[in-house]
Amino acid sequence: MLGYDAPDGLVAIRLSEVEAYRGVGEDPGSHAFRGRTARNAVMFGEPGHLYAYFSYGMHVCLNIVARPAGLSSGVLMRGATVVAGIDLARQRRPGVNDRDLARGPGRLSRALGVPLGAGGSDLLESPFELRVPEAPLHSACGPRTGVSGDGGGTAYPWRFWLPGDEGVSPYRRHKLAAE
DNA sequence: ACTCCGATTGGCT
DNA sequence: GCCAATCGGAGTA
């Protein structure tokens, strides 16, 4: 579960789907593959911090840094259900079904109200709250969505989701590398 | 300086 | 199913 206490109120979500990205030279699908830049610097920093990036000119996507500082990594939060502050989440996403409030990476950041500028924040400190499930979850894994080129195929089956969970994002075929 | 394009979404056919 | 929206980063010159 991840909560964010924004100036206008608190929303918390329960994650249903994530994608893992490794780092320099290891993972062609990773923003860190070609080395450290100003944009991806957070991926090289402390685990538990927030790597936020801006995509398609309109969306903010949120990642949790997972590996020790000096390496590089990110876990993209792709799908979730709202478990607290649902009225506020509805305000932030007018006209959207409750199920769809956080079901997708761009939707998720909007429902939580996390701005791009929050990138680099420690998710273990206020105004964030990150909690891990008490018992292990049964998850499925498969190819990552939307990743083009070599990083998208079955060589990197690092999309993880909870089968049947309503917070899993709608399936989209990833772009396959040439065969 | 200039071009290409994306870890997407929502609206329209 | 198809496609426009929208803009910063990264690669090239």
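**Group meeting: the protein and DNA strands B and C**

Around DNA strand B there are 19 residues, and the closest are H31, Y53, N63, R93 and R107. Of the atoms of DNA strand B that come within 4 Å of the protein, 47% are sugar and phosphate. A residue is near a strand here if one of its heavy atoms lies within 4 Å of it.

Before going on, the basis. This is a predicted model, in which local features need pLDDT of at least 70 and side-chain atom pairs count only at pLDDT 80 or more, while totals for chains, interfaces and linings use all residues. Residues are numbered from 1 along each chain as its sequence is written, chains are lettered from A and ligands numbered from 1 in the order in which they are written, and side-chain values use heavy atoms, with hydrogens and water left out.

Back to DNA strand B, and its phosphates. A side-chain N or O atom of R93 is 2.3 Å from a phosphate oxygen of this strand. R107 also brings a side-chain N or O atom to a phosphate oxygen of DNA strand B, at 2.8 Å. P105 uses a backbone N or O atom, which lies 2.9 Å from a phosphate oxygen of DNA strand B. The elements giving two or more residues to this surface are β4 (59-64), β5 (74-84) and α2 (105-112). Helices (H or I, at least four residues) and strands (E, at least two) are DSSP runs, numbered from the N terminus. Which element gives the most to the surface near DNA strand B? That is α2, with four residues. By class, the surface near DNA strand B has seven nonpolar, seven polar and five charged residues. For the classes, Ala, Val, Leu, Ile, Met, Phe, Trp, Tyr, Cys and Pro count as nonpolar, Asp, Glu, Lys and Arg as charged, and the others, Gly among them, as polar.

Now DNA strand C. The residues around this strand are R34, T37, R39, F54, Y56, G57 and M58. Sorted by class, they are three nonpolar, two polar and two charged. Of the atoms of DNA strand C within 4 Å of the protein, 70% belong to sugar or phosphate, and the rest belong to bases. On the phosphate side, T37 has a side-chain N or O atom 2.6 Å from a phosphate oxygen of DNA strand C. On the base side, a polar backbone atom of Y56 is 2.6 Å from a base oxygen of DNA strand C.

Y56 deserves a further look. Where does Y56 sit? Its place is in the loop between β3 and β4. Y56 is not a glycine, yet it has a positive phi of about 50°. Is Y56 buried or exposed? At 73% relative accessibility, it counts as exposed; the cut-offs are under 20% relative accessible area for buried and over 50% for exposed, with partly exposed in between (1.4 Å probe, protein chains only).

The strands on either side make a hairpin, with three residues between them. β3 and β4 run antiparallel and are joined by six bridges; two strands pair if DSSP finds at least two bridges between them. S55 stands opposite H59 in β4. Strand β3 (residues 50-55) is mostly covered, with five of its six residues buried.

After β4 comes R67, in the loop between β4 and β5. R67 counts as buried, at 19% relative accessibility. Its side chain makes a polar contact with the side chain of E26 at 2.8 Å. A polar contact is a pair of N or O atoms within 3.5 Å; within protein, one must be able to donate a hydrogen and the other to accept it, and residues adjacent in sequence count only if both atoms are side-chain atoms. The backbone oxygen of S72 lies 3.3 Å from a polar side-chain atom of R67.

Two further points on the chain. L10, in strand β2 (residues 9-21), is 78 residues from L88 in sequence, but the two are 7.7 Å apart in space, C-alpha to C-alpha. S126 and P127 are joined by a cis peptide bond, with omega about 5°, and P127 lies in the loop between α2 and β6 (128-130).

Last, the rings. Rings of Phe, Tyr and Trp (its six-membered ring) pair if their centres lie within 6.5 Å; planes under 30 degrees apart count as stacked, over 60 as edge-to-face and the rest as tilted. The count comes to three aromatic pairs. Why is the pair of Y156 and W158 edge-to-face? The ring centres are 5.3 Å apart and the planes stand at 80°, so the pair of Y156 and W158 is edge-to-face. Y156 is buried, at 16% relative accessibility, and W158 is partly exposed, at 21%.
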